[in-house]
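Here is a friendly walk through one protein model, written for someone meeting it for the first time. Please keep the sequence and the 3D view at hand as you read.

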Amino acid sequence: MKNLIKILIVSISFMFSSNLLAQDAAFEEQPLTKQEIRAQKRLEKKKEREQRKMLAKQMEMIAHEQAVYGIDSSSFVLEAIQVYDRYGNIENVNSNINFVKIAGDVAIFQLGFDGVVGLNGVGGITMEGRISGYEVEKLENGRVNVKFNVQGPIMSASMNFTMDGEGNFANVKVRAQTENIELNFRGQIKHLNQSSVYEGMKLF
């Protein structure tokens, strides 16, 4: 009797499972409605946007860490995409020929404009000097400040960098110490090994 009950239970369970599988297969075979297709596409686009945002965030973090490493090791370049004066006049520039380079205890400042020869061969001026008083300040919000003085044959200036808390964009203020001249760059800070700026002729 017990064996018969077991056989019945197993048989009923098998039949029930078979019915469920058949229902699932029938359900899968049913075509999606237009509303379901639109909802599925919206979900896929949302996932793609989230993935792109996550990837962009990761790239910003990597760029920020590499920039901080360059700052800590005094081996970085700010490749400028904008130059502006104290009055707010802004000019978009070529980052390949507009930069501030820090290599150990040497700083190189270059300003250039496409289509112009200039004093340095790239439509502007290139100056070099020795760094003194190099200071780095790291804030809780991720921002990094760097300041120092530069002294060279034709260059006597103070430089103040402020890097954003995310990514590697930063501003640098270059202020002449002997004259009332101030110039500001906005661009990306890169480690010296990752930069490919073109250096023009120096005035000395």
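## Strand E3 and its partners

Strand E3, residues 99-103, is mostly covered, with 4 of its 5 residues buried. Please keep in mind that this is a predicted model. Strand E3 has a partner in E1, and the two run antiparallel, joined by 5 bridges. If you would like a place to look for this pairing, find Val 77, which stands opposite Lys 101 in E3.

E3 also pairs with E4, again in the antiparallel sense and over 5 bridges. Here Phe 99 has Gln 110 in E4 as its bridge partner. E3 and E4 make a hairpin with 2 residues between the strands, and Gly 104 in this hairpin takes a positive phi near 70 degrees.

## From E4 onward to E6

Moving along, strand E4 (residues 106-111) is joined to strand E5 (residues 125-138) by 6 bridges, and these two strands run antiparallel. One pair to pick out is Phe 109, which stands opposite Met 127 in E5.

E5 is in turn joined to strand E6, residues 144-151, by 7 bridges, with the strands running antiparallel. In this pairing Glu 137 stands opposite Asn 145 in E6. How many residues lie between E5 and E6 in their hairpin? There are 5, and Gly 142 in the turn has a positive phi of about 95 degrees.

## The whole protein

Now step back to the full chain. The protein has 2 helices and 9 strands, and read along the sequence they follow the pattern α-α-β-β-β-β-β-β-β-β-β. Of the 204 residues in the protein, 32% are buried.

The protein exposes about 13,600 Å², and carbon and sulfur atoms supply 56% of that area. Contacts also link distant parts of the sequence: among those between residues at least 6 apart, 48% join residues at least 24 apart.

## Nonpolar cores

In soluble globular proteins, nonpolar side chains tend to be buried together. In this model, the largest nonpolar core has 29 residues. The residues with the most contacts inside that core are Phe 109, Phe 148, Met 159, Phe 161, Phe 185 and Ile 189. Apart from it lies another core, of 5 residues, including Phe 99, Val 106, Ile 108 and Val 197.

Two of these names may be familiar from the strand pairings. Phe 109 belongs to the largest core and stands opposite Met 127 in E5. Phe 99 belongs to the core of 5 residues, and its bridge partner in E4 is Gln 110.

## The largest pocket

The largest pocket has a volume of about 300 Å³. Its lining is made up of 15 residues, and those nearest the centre of the pocket are Met 127, Ile 154, Ala 157, Ala 176 and Ile 181.

Which elements give two or more residues to the lining of the largest pocket? They are E4, E5, E7 and strand E8, which spans 169-176. The largest share of the lining comes from E8, with 3 residues.

## Three residues to visit

Let us start with Asn 160, found in strand E7 (residues 156-163). Is Asn 160 partly exposed or buried? Its relative accessibility is 33%, so Asn 160 counts as partly exposed. Leaving out residues up to four places away in sequence, Asn 160 touches Val 146, Lys 147, Asn 171, Val 172 and Lys 173. Asn 160 and Lys 173 are 13 residues apart in sequence, and their C-alpha atoms are 5.2 Å apart in space.

Next comes Asp 164, in the loop between E7 and E8. Asp 164 has a relative accessible area of 18%, under the 20% cut-off, so this residue is buried. Leaving aside neighbours within four places in sequence, Asp 164 is in contact with His 64, Gly 142, Arg 143, Phe 169 and Arg 186. Gly 142 is a name from the turn of the hairpin formed by E5 and E6.

Finally, look for Ser 74, in the loop between helix H2 (34-72) and strand E1 (75-84). Ser 74 is buried, with a relative accessible area of 15%. Phi of Ser 74 is near 55 degrees, a positive value in a residue other than glycine.

Notes
Residues numbered from 1 in each chain as written. Predicted model: local features only at pLDDT ≥ 70, side-chain atom pairs only at ≥ 80, totals over all residues. Heavy atoms only, no water. Pairing = 2+ DSSP bridges. Buried < 20%, exposed > 50% of the residue type's maximum accessible area, 1.4 Å probe, protein only. Contact = heavy atoms within 4.5 Å. Areas by Shrake-Rupley, 256 points an atom, 1.4 Å probe, with all protein chains shown as cover. Core = buried A, V, L, I, M, F, W, Y, C linked by side-chain atoms within 4.5 Å. 1 Å grid on protein atoms, 1.4 Å probe; cavity = no way out; pocket = protein on both sides within 12 Å on 5 of 7 lines; lining within 4 Å. Points joined across faces, edges and corners; volume = space filled by probe spheres on them.
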